Amino acid sequence: MMYYQTLLPSMSSKAGFDTHYYVSLMRGRGLLFADQQLMATQKTAALVKAYASDDGSAFRREFARAMVKMSSLGGVSNYQVPTRVTCSMLAQESDY
C-alpha cells in the first residue's frame with residue numbers, strides 16, 4: 001500500500017488525456033526514469049512544457065497527427081513477422 005501512495009502524485013487525474021503527466025515531469029516526479037528523461041534535453045523539455053501548458057489539446061492534436069502518419073507507412077512486406085501468442089515470451093523459430 002505504501003508504494004501505491006508514493007505513486008499517486010505521479011499518476012493521472014483520471015480525466016483522460018490531461019496535462020497531469022507533463023506537469024509531474026516538470027516537477028521532477030516522472031513515474032519512470034525513462035519518462036523523466038524527457039526533461040533532459042532542451043528540445044524534449046520544450047515539448048513537455050508545451051503539453052503541460054494547456055488543457056491537453058496540443059498533445060491530442062500531435063498524437064492524432066502521429067497516428068495518421070504511422071498508418072500511412074503500411075505494414076511489413078516481404079518478411080515473415082512472428083506474432084507472439086504470449087507477450088511475455090519470445091516467439092520461437094517455429095512461429096515464423
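## Helices and the loops between them

Helices here are DSSP runs (H or I) of at least four residues, numbered from the N terminus. With that in mind, we can place our first residue: Asp18 sits in the loop between α1 (2-7) and α2 (20-26). Please remember as you read that this is a predicted model.

Now for the whole protein. Its secondary structure comes to 5 helices and 0 strands, and reading along the sequence gives the pattern α-α-α-α-α. Of the 96 residues in the protein, 17% are buried.

## Two loop residues to look at

Let us return to Asp18. The unreviewed UniProt entry lists Asp18 under "binding site", and such annotations may be inferred rather than shown by experiment. Is Asp18 buried or exposed? Its relative accessibility is 18%, so Asp18 counts as buried; the cut-off for buried is under 20%.

Arg27 belongs to another loop, the one between α2 and α3 (33-36). Arg27 has a relative accessible area of 63%, so this residue is exposed, the cut-off for that label being over 50%. How far apart are Arg27 and Met39 in space? Their C-alpha atoms are 9.9 Å apart, while in sequence the two residues are 12 residues apart.

## One face of helix α4

Helix α4 covers residues 42-52, and its buried residues are Ala45, Val48, Tyr51 and Ala52. Why can we say that these residues line one face of the helix? Looking down the axis of α4, you would find the buried residues within an arc of 125°, so they share one face. A general rule helps here: an α-helix has 3.6 residues a turn, so residues three or four places apart point the same way.

What does the face turned away from the buried side of α4 carry? There you will find the exposed residues Gln42 and Lys43.

## A cluster of rings

Next, try picking out the aromatic side chains. A search of the whole structure finds 5 aromatic pairs. In one of them, the ring centres of Tyr51 and Phe59 are 5.5 Å apart and the planes meet at 85°, so this pair is edge-to-face. The cut-off for that name is an angle over 60 degrees.

Both partners are buried: Tyr51, which we met in α4, has a relative accessibility of 14%, and Phe59 has 18%. Ring pairs also build a wider group, linking Tyr21, Tyr22, Tyr51, Phe59 and Phe63 into a cluster.

## Helix α5: a salt bridge and a nonpolar patch

Helix α5 spans residues 57-71. How many salt bridges does the structure hold? The count is 1, and it joins the side chains of Glu62 and Arg65, with 2.9 Å from N to O. In general, side chains of opposite charge can pair when their charged atoms come close. Glu62 and Arg65 are 3 residues apart in α5, so about one helical turn separates them. Glu62 has a relative accessibility of 33% and therefore counts as partly exposed.

Phe63, a member of the ring cluster, also helps to make a nonpolar surface patch. Its partners in the patch are Met67, Met70 and Leu73, and the patch has an area of about 420 Å². Met67 lies in α5 and, at 38% relative accessibility, counts as partly exposed.

Note on methods: Residues numbered from 1 in each chain as written. Predicted model: local features only at pLDDT ≥ 70, side-chain atom pairs only at ≥ 80, totals over all residues. Heavy atoms only, no water. Helix = DSSP H or I, 4+ residues; strand = E, 2+ residues; numbered from the N terminus. Buried < 20%, exposed > 50% of the residue type's maximum accessible area, 1.4 Å probe, protein only. Phe/Tyr/Trp six-rings, centres within 6.5 Å; stacked < 30°, edge-to-face > 60°. Patch = residues over 30% accessible without salt bridge, like charges linked within 9 Å, V, L, I, M, F, W, Y side chains within 5 Å. Areas by Shrake-Rupley, 256 points an atom, 1.4 Å probe, with all protein chains shown as cover. Salt bridge = Lys/Arg side-chain N within 4 Å of Asp/Glu carboxyl O. Arc of directions from axis to C-beta.
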